[in-house]
Amino acid sequence: MKTLSTTVLIIGGGATGTGLARDLSLRGIRCLLVEKRDINSGASGANHGLLHSGARYVASDSEAAIECREEGEILKRLAPQCIDDTGGLFVAVPGDSEQYIADFESMCARSAIPCSPISTVEARELEPSLSDRIIAAYSVEDAAVDPFMLSLDNLAHAVSLGSEFRCNARVTNLHISNGGIERVTLHDDTTGEDFQVEAELVVNAAGAWAGNIAAMAGARINLLYSSGSLLITQNRLTTRVINRLRKPADSDILVPGGTVSVLGTTSVTIDDPDKSRPTVEEADRIIDDARAMMPILETTRYIRAYAGVRPLVLAGDSSDARNVSRGFSLIDHERDNIGNFVTITGGKLTTYRLMAEKTADLVCAKLGINARCATREVPLPASTMGRWTEPGLTAKTWLGTRDVHDQILCECEMVSRSVIDNIIDTIGSEGPNRGDSMLTAIGLRSRVGKGPCQGGFCGLRVTSHLYDRGCVQSDQGVAELKNFIERRWRGFSPILWGLPAMQADLQEALYCGMMDMELCGQRPDADALGADSMQEISALGGRE
């Protein structure tokens, strides 16, 4: 079995794992990051994309509020390519707590979070989609962040400094000997081969799966899995982030993300992070609640639903996810008699850099290395790896070159063949970073499949191009296309009413009728109701 060696092995390729790889690399410490699927395949890729000002937590968790304020300021200064500095509004509607509204400004002041009251008339002038019934409004410094560009840029910088990473590498065993992890065995799902890694220290940054990794070492972490569902609108509805002016609850944030807006979220406790799915009931509940602050949400077209899992570390016996701190937990498994093992989990996307800094500090202390954190001062370089996630960039690039032979493969987001080729060259058509699906890897690193067709047309075109380039052979490309469409399909089922239902019928006819491809993605609501077609799903579970 092949054996790799490194100073620090990082398990998990989300924002914290990639941020840690960069932090350690800047301190001159060599790392190997392994991820069982692809970058941001967990909670880091299934969130609002909200860079918190901290105002959301001023009533319930002042420490988290201050962390968000400080980290938001750092990221806006050092990673501007990943940030859309939109600003934000907190708005109240009839029925919201008058006491909370009255106390909001002073609560923000206690955490030194900038907050300014504005009139309801001014708020509606800034955001015309707001309800004409809002009764109070405050301006804050929220922003939107591209989580995929953020992680890819962090990883690219780490690699440029000498660190390595492997996707599709699943941990299968931690071998404990003499009070430490002697080696880690992994399975490469791309090649089917096993390999092992010998590291001086192992960091568990596996997010919602951190408990599973810790259990392999005989350690226990008391995690609560909070699944949150979100809806994507076809168009961008507001310029700013819109928050409901009340204690954190479901359906109270709308975040602009490039050409769309993201609405959510919910908080449903589940027993297994692999079971997180958006449901029809959650989609209905989100819209029914959020329309009070923005009536347009009732008639908006939604193009996709998705869900992510927040790993919340339980300090006591609480089982209510809303009442568990959004702070992070850094665990030295010396407490479990495993000297070279550390877990970092919990927290938020906004505080990923701080989580990485504190983890790297502990890693250095355990390794006896005297090196200071540099991520507070060194700008995060923009990378080729992450550049094509930016909304609108592909269209600008295509129009700028005016190359008549550069065919558009994704019409919704105007992604051209040359951009796809650039991404393939960056990933490598073979090797550890390709993953088990080149099409899925391209989708993660670009806007392919993210428009209204949700991969229905661009999936076919990009797959054809992969065959032309020799990136896939025989049935491999068709299998990758089936997997890609099924994952997009899963996001359709909770929102199938109106125009999306008609589009789903078209996709079904296209793939099942013309290509004889039976799509069998997870459709829990349909399965429970005995529905056979997308039209039936719409009729049984969708809105009028």
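This passage walks through a few helices, strands and single residues of one predicted model.

Confidence comes first. Across the protein, pLDDT averages 90, and 92% of the residues score at least 70. One stretch is a weak spot on that score: over residues 521–544 pLDDT stays under 50. For that stretch the model has 42 contacts beyond four places in sequence.

Next, a little sheet. Three strands make up an open sheet, lined up in the order β3-β8-β4, and the pairing is antiparallel. At its edges sit β3 (50–51) and β4 (83–84), each of which pairs on one side only. Between β3 and β8 (residues 143–145) there are two bridges, with the strands running antiparallel. To pick out a partner in β8, Leu 51 has Ala 143 as its bridge partner. In general, strands of a sheet pair through backbone hydrogen bonds, and the pairing can be parallel or antiparallel.

Helix α3 covers residues 98–110, and its length can be checked with simple arithmetic. With 13 residues at 1.5 Å a residue, α3 should span 18 Å; the C-alpha atoms at its ends are 19 Å apart, so the two values agree. Still, α3 has a kink of about 45°, centred on Phe 104. Phe 104 is also one of the buried residues of α3, along with Tyr 100, Ile 101, Met 107 and Cys 108. Part of what covers these buried residues comes from two strands, β5 (88–92) and β7 (136–140). The two ends of α3 have details of their own. At the start, a side-chain oxygen of Ser 97 comes to within 3.4 Å of the backbone nitrogen of Gln 99. After the helix comes Ala 112, with a positive phi near 55°.

Strand β7, one of the strands covering α3, is home to Ala 137. With a relative accessible area of 3%, Ala 137 falls under the 20% cut-off and therefore counts as buried. Setting aside residues up to four places away in sequence, Ala 137 touches Phe 90, Val 91, Ser 116, Pro 117, Ile 118 and Ala 123. Pro 114 is 23 residues from Ala 137 along the chain, and their C-alpha atoms are 14 Å apart.

The other covering strand, β5, leads on to β14. These two strands pair in the parallel sense over four bridges, and Leu 89 stands opposite Ile 242 of β14. On β14 there is also a pairing with β15 (residues 253–257), this time antiparallel and over two bridges. Here Ile 242 turns up again, standing opposite Leu 254 in β15. In a regular strand, side chains alternate between the two faces of the sheet. In β14 (residues 241–244), Val 241 and Asn 243 are on one side, while Ile 242 and Arg 244 are on the other. All four are buried, and both faces of β14 are covered.

Another strand with plenty of cover is β18 (residues 302–313), where 10 of the 12 residues are buried. It is joined by 11 bridges to β13 (residues 223–233), and the two run antiparallel. Across this pairing, Ser 226 stands opposite Arg 310 of β18.

Loops can hold buried residues too, as two cases show. Glu 413 lies in the loop between β21 (408–410) and β22 (415–416). Its relative accessibility is 9%, so Glu 413 counts as buried. The side chain of Glu 413 makes a polar contact of 3.4 Å with the side chain of Arg 447. Apart from neighbours within four places in sequence, Glu 413 is in contact with Thr 259, Thr 394, Arg 447, Lys 450 and Gly 451. The second case, Met 385, is found in the loop between α8 (352–367) and α9 (393–401). Met 385 has 17% relative accessibility and so counts as buried. Not counting residues up to four places away, it touches Leu 152, Leu 155, Ala 156, Phe 165, Thr 426 and Arg 445.

Last comes helix α14 (residues 499–514). From first C-alpha to last, its 16 residues reach 21 Å, close to the 22 Å expected at 1.5 Å a residue. Among the buried residues of α14 are Pro 500, Ala 501, Gln 503 and Tyr 511. Just after α14, Asp 516 takes a positive phi of about 55°.

Technical notes:
Residues numbered from 1 in each chain as written. Predicted model: local features only at pLDDT ≥ 70, side-chain atom pairs only at ≥ 80, totals over all residues. Heavy atoms only, no water. Pairing = 2+ DSSP bridges. Expected span 1.5 Å × (residues − 1). Bend = angle between axes of the 7 residues up to and from the residue. Buried < 20%, exposed > 50% of the residue type's maximum accessible area, 1.4 Å probe, protein only. Contact = heavy atoms within 4.5 Å. Polar contact = N/O pair within 3.5 Å; in protein donor to acceptor, adjacent residues only side chain to side chain. pLDDT = per-residue confidence, 0-100.
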